[in-house]
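Hi,

Here is the structure I promised to pass on to you. Have a look at it first, and then read on for what turned up in it.

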Amino acid sequence: TPRIGVLALQGDVREHLAALSRCGADAVPVRRPGELVDLDAIVLPGGESTTIDKLSVIFEVREPLIARLRAGMPAYGSCAGMIMLADRVLDGRPDQRSFGGLDVTVRRNAFGRQVDSFEDDLQLDGITGPAAPFHAIFIRAPWVEAAGPGVRVLGTAAGHPVAVETDTLLATSFHPEVGGDDRVHAYFVAKVRATLLAGLRAPAEDADR
Ligand code: GLN
């Protein structure tokens, strides 16, 4: 059972914990540096990215979290969490910082004031089938403005990428934790399991050579 933390500084932490538990993960809230140590993966929830940034400094998790992300720990960010995972942020506050790790440029509050919040039925590669799109809820959501070569786009809304992944990272502009459809969380838990298995296999393969 993978142990997956949810960064619990601000935002919709409980909803992510519940969705991860339903998908068979050992889901734990993370607030302190020591709580990062035994995690297999982490979820960065939706909320307010500038607040999460500031609280991460106060709670002294910013640097150890960045270190774990750099070392390849799997992570999933939804909405504000996508912003926190992005290497580059447009339309942020002047002093806004992300944790980084995901080679994308995101535009904060990209869908604009006229459509603060909206819902859309999305096709997500590897997650949905044509007969059952994902009913996605967007709340002052970012979009992916540009993505590096190692980033795969899983889904778009209004012509912009809103779900992207690498081998270990996943990010969505929308909030799958509030809709009651656990397919995105199940996809992430499977990704974490695959990463753990790959890590276990690697030493054995080395021994064979
Ligand atoms: N607009 C928020 C931000 O910039 C994100 C909104 C959300 O997470 N629902 O952090």
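Serine 78 is a good place to begin: this residue belongs to strand S4, residues 75-78. Please keep in mind that the model is predicted. Is serine 78 buried or exposed? It is buried, since 30 other C-beta atoms lie within 10 Å, and 20 or more are enough to count as buried. Leaving out residues up to four places away in sequence, serine 78 touches Pro45, Gly46, Thr172, Phe174, His175, Pro176 and Glu177. Glutamine 10 is 68 residues from serine 78 in sequence, and their C-alpha atoms are 13 Å apart in space.

Next, the ligand. Which residues surround it? They are Gly46, Gly47, Glu48, Ser49, Cys79, Ala80, Ile83, Arg108, Asn109, Ile139 and Arg140. Sorted by class, this shell holds four nonpolar, four polar and three charged residues. Several of these names come back below.

Ser49 is one of them: in helix H2, residues 49-58, Ser49 is buried along with Ile52, Asp53 and Ser56. Viewed down the axis of H2, the buried residues fit within an arc of 100°, so they line one face of the helix. Helix H3 (62-70) and helix H4 (80-85) are among the elements that cover them.

H3 has buried residues of its own, namely Leu65, Arg68 and Leu69. These too fall within an arc of 100° when seen down the axis of H3, so they line one face of that helix. They pack against H2 and S4, while Glu63, Ala67 and Arg70 are exposed on the other side of H3. After H3 comes glycine 72, with a positive phi near 100°.

You may also like the backbone angles. Most residues other than glycine have a negative phi. Glutamate 60 has a positive phi near 60° and is not a glycine. This residue lies in the loop between H2 and H3, and with 13 C-beta neighbours inside 10 Å glutamate 60 counts as partly exposed. Asparagine 109, which is also part of the shell around the ligand, has a positive phi of about 50° without being a glycine. You will find asparagine 109 in the loop between strand S6 (102-107) and S7, where its 16 C-beta neighbours inside 10 Å make it partly exposed.

On the far side of that loop, strand S7 (residues 117-122) runs antiparallel to S8, and six bridges join the two. Serine 117 stands opposite isoleucine 139 of S8, and isoleucine 139 is another residue of the ligand shell. In a regular strand the side chains alternate between the two faces of the sheet. How do the residues of S8 (134-139) divide between a covered face and an uncovered one? Phe134, Ala136 and Phe138 are on the covered face, and His135, Ile137 and Ile139 are on the uncovered one.

Last comes the nonpolar core. The largest one has 61 residues, and Ile4, Leu20, Ile42, Ala75 and Leu85 touch the most other members. Setting aside neighbours within four places in sequence, leucine 85 is in contact with Leu44, Ala75, Gly77, Ser98, Phe99, Gly101, Leu102, Leu169 and Ala171.

Enjoy exploring it!

Best wishes

Terms used. Residues are numbered from 1 along each chain as its sequence is written. This is a predicted model: local features need pLDDT of at least 70, side-chain atom pairs count only at pLDDT 80 or more; totals for chains, interfaces and linings use all residues. A residue is near a molecule or strand if its C-beta atom, placed from the backbone, lies within 6 Å of it. Ala, Val, Leu, Ile, Met, Phe, Trp, Tyr, Cys and Pro count as nonpolar, Asp, Glu, Lys and Arg as charged, and the others, Gly among them, as polar. A nonpolar core is a set of buried Ala, Val, Leu, Ile, Met, Phe, Trp, Tyr and Cys residues joined through C-beta atoms within 7 Å. A residue is buried if 20 or more other C-beta atoms lie within 10 Å of its own, exposed if 12 or fewer, and partly exposed in between; C-beta atoms are placed from the backbone. Two residues are in contact if their C-beta atoms, placed from the backbone, lie within 7 Å. Helices (H or I, at least four residues) and strands (E, at least two) are DSSP runs, numbered from the N terminus. Two strands pair if DSSP finds at least two bridges between them. The arc is that of the directions from the helix axis to the C-beta atoms.
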